[in-house]
Each structure stands twice: as structure tokens, then as C-alpha cells.
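Student: Please take a close look at a single part of this model and describe what surrounds it. Then follow the same kind of reading into other parts of the chain.

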Amino acid sequence: MGQETEEVVQSVSDLPVQNPPGEEFSAADLTWAKYASSEHHRDDVALIPFDRMEAFIAGESNNPECPTRFHIERGRKREEDSLREYRSDEYLLYRMYWCSFGPENYGEGGTILPSRRYRLNTRNRAARPQSMRGCTCHFAVKRLYARPSLLLIIYHERRHINKSGFICHGPLDRNAIGPGARKVPYIGSEIQQQTMSLIYLGVPEENILQTHIEGIQRYCSSDARVDTHASQYVQKLGMIIKRSTHELDLDDQASIRMWVDRNRKSVFFYQDSTETDAFILGIQTEWQLQQMMRFGHQSLLASHSSFGVSKLKYPLHTLLVFDSRQHALPVAWIITRSVTKKDTLKWMTALTDRIHSIDSTWRIGGFIIDDPASELTPIRRTWLKNVMKKCSNAEVQREIFIQLGKIIYSIWTEKNPMDSLEQLFQDFIDQTTFIKYFKSFWVPKLEMWIESIRNLPLASQESCGAIEGYHLKLKVKAYDDVQLDALQRVDWLVHKLTTELHSSYWINLFADESGSFPEMKADYIASTSWQRALQIPDDAVIFDDKEPLVAKVVSQKDTSEMRTVWNPGSEFSICDCSWSVQGNICKHVLKVNMICGMRRDFQPSLSFQSFQHVLLGLWQKPLDDSFSLDLLVAWVMQMQEKIQHLAELVTSDGIAQVAGKLPIQWTKRRERTRAAKCTSPVVLPHSNGRSQKDLTPKRSRKRKSLSSFPGGRPPPPAAAASRFTKDLKTVGVE
């Protein structure tokens, strides 16, 4: 921008006329004054000759920082001598010029403006609507009524920024990929997301470029020009990602507001913190929405709550679905400290409404929570960690942990869990540190906790292992290479989730389903303890009749090494590997329990006992001989059929074997009609026992023109009826 004066001009007559030399000139070549009137509120104005208007517009369009074109957003004009009284700034011709990258925003998080009541001059607008990015740069020109040879320029917004205050196009735009979009080969969202994910994961640039070119070759042939543009694209995208930062503003709250404004498509709920309302930010990208609808419909949804309670500014709550390999995928992130029913209902309702706006029939089959008050896995992990921390002797650690398991298993038996608890206190009275911790933290709420576990079904070890795998991956991504005081900023957590963690899960699922990146696919398959346990052969598990409380697992990397599992067949088994000692469910324990589950001399798993307890509870409460009983029987039959099909699918070699046994289901009428036209004539049973082809005349949906009938006229009604009766007799209908 050119020079500015602080003096406010009250009349256009006080402005000097400026006529910079050269064929073109821009705002930088003019001296701007502040002009205030009843219509204008301290706008930047300048006065130039009317015949230099096109030179000014051309100079503004060729701005090296933000090259663009300006289109006429609106305009008005008057005839000469049409006003009896007029001010110094009245116009003969009025036009408002707007940067062609606005005012609409077709970009990420943008909104399209509603239809205008006036006609637009679209001759010099942006060539492609998708290039509009909500730029607010615009100015107005007035050919003065009192002095028609002069033009008043009024600049309303000089910067090429959007409503959020960010530069939205040009070389200074951090999100821009580069000029020459028409010459760049087609890059779909899948290729772009793939390239971004590989960059976030730290893959070498040479490998990223090779993968990027292979993706482009699916849409166009490869040549030197395509390879050059691909190399420039990857380098530019990598540079943008490396320079990106989570701090959009020094103030964390203001930074989050700016991020929400820029990423509205990825935000399903936002509530800023006030004196009465808690801070809530619900994040779900379009890819996460697709996976939630795909894997969550009529299936399980899991909750991973309270991550980072002691370290983060606001704890993180994650909603998970299970993919085709039963791996946990994050489909929504909720950042809030509030766990009240009122606030939880707000973001849950918003998320449900978002899904139902796309598919109103979407429903979940069940919900898994990781609340220690009702779920066993967090309790098991907490108990084991405290046993390892507060007891120094390894043998005592195992004995205490096994005794804790007996308390849990006694919940579904005739034994009183409190008796097992008293036995624990008597046997390990010398372990004062652990006993003191257990009495102060767990005993006061033990009865309430046991009642919750008894009445609610427990999740299986496979589901718990998948949730545990997500927890560990989130922990590594969130706490790895943490900057100073970054954990106390919400924008840093949002940046981590939407870039590194999101890209990691996207590329893993893409590699698994597309067959690309075999090494990455293998790592993804083995990312949970359950999948790693499946890779251990059955003969690697060794039982000793002399020691029934011990099992051995032969290592697959070194056959001379063996792992020891104590208390086999129980969720409270413990292994001597480092992974189990840290409180996690290791692959050795899971493999031993898989083998024990097929043997009758071991008790069933806790999840099966919980399921059995629920069914027996229903069985012991029979309904009277009423409609409710019929409805209950119908539900049980449906559940039995679904369980049978699921068991067949798990044990069969492929889905084709299961699909062949399913009953035939009618499709839509249009599909049946279309399929019938492509098949051979159907043989129908005749009334006399013979078979005859179906020659029923098909009614055409198109109107026949008069020219299609002989002589250009339709047959008389009597002839048509006679012909139709003849056709009916042909197919045996009297």
C-alpha cells in the first residue's frame, strides 16, 4: 500500500488529483487519505483521472504478492443532470470490484454465499469456481457527478485475506500448492492424503515421490512434465507441512477459535469456555465419518476416555470402531474436562445428528466403555502396576495378582467376594504398602464396583487388546518429542491428532485394504496383542501336568528361549515378559488362554461368564403367556441366527461359502425387471401339467407415437382387445 495520511478529509474537493506515470499503477503508487461521511466511515480514498481507471485495476491485478483479477461485484449509474442537489462524492458511475478469489469460499471449511437479488457480471470472474477462497479484498470506484473527469477510489479491504484473517491465495498462502493448476496433472483426495500421511510418518522423500507418481499414473500417462510437476508438488507439500505450526495465536483460546473457523468441516461440536459453560471441542474428519458409518453400523462402538487427565490441559475422549481385522480406529475426538450428563448429551447429540443427516437408518449394536467402575481391563492394569510398584518380591507379586483374580472370578459364583478379600489381607499381611493402598483406594467403593460388574456384560480380551493398542499408539504420538509447555495448549493436541495420528491410521487402513506397502500392512496386522498371539502356533504352548498353574510358550524368534505364564486360563495370568510386567496383556498370555479355552479342565473366560450370567438372569424371569413373550422369542431367534452366521463366517475359508447358504432376498422392483430382461425366457407350469414359456407381453413405459402404427393411426379398441385376448390364450390364461 502507498503512503497514508492520518488527517480525516470531510469533502472530496479537498483531495488532490494523482496521476502516477506508467501504463499501469497500483495502490502502492498512491497516497491515501482517510475519508469520513454519512456513507463512509474512515475509508481509504484517493482521487485519479477517470481515464486511468483501467490502468489502476490492471496494476492491482498484477500484485506480485497476491496476483489476481478483479470482477465487478455490483454497479450503478446515473444520467447527467438527473440530480438537483448533490454532495461532493455523488456518482455518475459506481462499481464495486472484488478479488476473484472471493467473496464465496469453496475451499476447506468454506461456505457458499446465498443467492443474490441482483445480477453478477461474470465475464471476468475466476475461471474455476473451486478456486474461490473467500477473499475479502475489494474496493469501489465512483465517477464523480460534479467532476465527471475524475474517479474516486474507495478501498474497503486492502489485504487479500479471508474472514479468519489468513492470507487465502498467492505465494504467501501457506496452504497453497503452487501456480499453474491447469498444467498440473490430476491429484485426487486419496493421492493427496496418501502423500501427506507418508510425509507425517517420516518416509524418505524419494520413496514418497515414487509412490506419488505411481498414483498419478492411474489417471494420466507418465512423461517428463508429469514427473517434474509431481516432484515440485511433493517438495512444496513437504515444505508446507514442515513449516506448519500449532500456534495460530499466542493465546491458546484464540488459536483454537481460529482453527475451528478454518476447519469447520472437521468440527461437529464446539463450545467455548465461559463462566457457565465448559470447554468442549468435538473433532471428526470426513474420513473418520466414513469409517464410523462403515464399521459402526449394527456393530460395536468403544469409548476410550480420560486420556491425559494429569498431563493435558483438557483430557481427551475418543470414540473407536473396529475394522474388518477388529483393530480399533478412532472416529471422533472430544476434548473436554466436563463429564456431566448435560455436556455429554450435547456432543453426542451433535455427532448422532451429523450421521443421521447422511443415513437415517444408522444404528450401533453395542457400546464398550473403559470406565474402571464397570470395565475390568483398566482395573486389571491398575492393580498389576501397583502390585509391581509396591511389592519387591517377584513371587509375592504373582501370588497377590492371582488372589486378586480370585476375587473377580467369585463374582459369578456362589462364593462371597468379600471372603476372598479377607483371605487376601490375611495371607499378605506383611505387604503393608500394597494393603494400605488397596484398603484406602478400593475397599470403600468395592461393593458398588462389584455390583456394576455383575450387572453389566464384560468386553472380550480381543476388544480390550484392540483398545489397549490404540491407547499405546496415542501415548507414543502425544508424548513423543514434546515441546516445552506444549501439553498445556489445546491447539498442540489438536495439531497432533489431526496430522500425525490421523495420517497414521489412514495409511494403515489404506495399506491393508489396497495391498500397497506390504511392510506397513504387516506391521498394522500385528499391531495388537491378539493378532500377534494368533501368529504363535498351538504346539508352541507347553503344559506340565506336574505344574498345572504354569504354562510355557516357545519364542518364535529364538526357539531356545521360553516364556513362563503363571495362572493359565485366567484374565489374571501374568507373564515374565517385559510387556506383561508393565501391566499390559501380552501375546503369550492371550495364546495360552486361547488354548485353555478349548480345554474343559479350565474355567471359561470372564466375558463368557458375564454373558452367561445375563442370559440366565433372563431365563429365570419368564413372562406370562402374552404378546411380550412372543416378542422376546422373536428377538432371541434373530440373535441366534446372527450368532450362527457370525460363527460360520469366522470358521469358514471365505465369505462365498456363507453367502451361498443364505436365503434368497427380493431386491427392488426395478432391479428385478432389469435382471429379467437379461435372462432367458422363464418356463412356467401349465394348468395341464406341461411346461410352457412365459410369453406374457411386456408393457413398454414409452409412449408409442402415431407413426409407429400402420397408417399412422392406432388400432381400434375392438382389434386391440381381440389381440390381447389371443395373447392371454397363448400363455394358458382363460
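Tutor: In this predicted model, the buried residues of helix α6 are Trp287, Gln288, Leu289, Gln291, Met292, Met293, Phe295 and Gly296. Helix α6 spans residues 286–296, and because 8 of its 11 residues are buried, the helix is largely enclosed by the rest of the structure. The cover over these buried residues includes the strands β9 (280–283), β10 (300–307), β11 (316–322) and β12 (328–336), together with the helices α7 (341–356) and α14 (490–514). Just after α6, glutamine 298 adopts a positive phi of about 55°.

The wider chain gives the setting for this helix. The chain contains 23 helices and 19 strands, and 42% of its 734 residues are buried. Of the contacts between residues at least 6 apart in sequence, 66% join residues at least 24 apart. The exposed area of the chain is about 43,400 Å², with carbon and sulfur atoms supplying 52% of it.

Helix α18 may be read in the same way. Because 9 of the 11 residues of α18 are buried, this helix is likewise largely enclosed by the rest of the structure. The buried residues in α18 are His588, Val589, Leu590, Lys591, Val592, Asn593, Met594, Ile595 and Cys596. Their cover includes the helices α13 (461–479) and α16, as well as the strands β14, β15, β16 and β17.

Those four strands form an open sheet in the order β14-β15-β16-β17, with antiparallel pairing. Its edge strands are β14 (541–544) and β17 (574–575), each of which pairs on one side only. Helix α18 (residues 587–597) packs on this sheet and touches β14, β15, β16 (562–566) and β17, its direction making about 65° with that of β14. Within the sheet, β14 pairs with β15 (residues 547–554) in the antiparallel sense over 4 bridges. Aspartate 544 stands opposite glutamate 547 of β15.

Helix α16 (residues 529–534) holds tryptophan 530. Leaving aside neighbours within four places in sequence, this tryptophan 530 is in contact with Gln461, Glu462, Leu590 and Met594. Two of these partners, Leu590 and Met594, are among the buried residues of α18. Tryptophan 530 also lies 8.9 Å from isoleucine 585, C-alpha to C-alpha, although 55 residues separate the two in sequence.

The cysteines deserve a separate word. A search of the whole structure finds 0 disulfides. Cysteine 99 is accordingly in no disulfide, and the nearest cysteine sulfur, that of cysteine 135, is 3.7 Å away. Cysteine 99 is buried, with a relative accessible area of 0%. For cysteine 575, the closest cysteine sulfur is that of cysteine 577, and at 3.7 Å it is too far for a bond, because a disulfide requires sulfur atoms within 2.5 Å. Cysteine 575 also counts as buried, at 2% relative accessibility.

A final element is strand β2 (residues 32–35), from which Trp32 and Lys34 point one way and Ala33 and Tyr35 the other, all being buried. In a regular strand, side chains alternate between the two faces of the sheet. Strand β2 pairs with β3 (residues 43–49) in the antiparallel sense over 3 bridges, and the bridge partner of lysine 34 in β3 is aspartate 44.

Terms used:
Residues numbered from 1 in each chain as written. Predicted model: local features only at pLDDT ≥ 70, side-chain atom pairs only at ≥ 80, totals over all residues. Heavy atoms only, no water. Helix = DSSP H or I, 4+ residues; strand = E, 2+ residues; numbered from the N terminus. Buried < 20%, exposed > 50% of the residue type's maximum accessible area, 1.4 Å probe, protein only. Contact = heavy atoms within 4.5 Å. Areas by Shrake-Rupley, 256 points an atom, 1.4 Å probe, with all protein chains shown as cover. Pairing = 2+ DSSP bridges. Axes fitted to C-alpha atoms, helices over the stretch in contact; angles between N-to-C directions.
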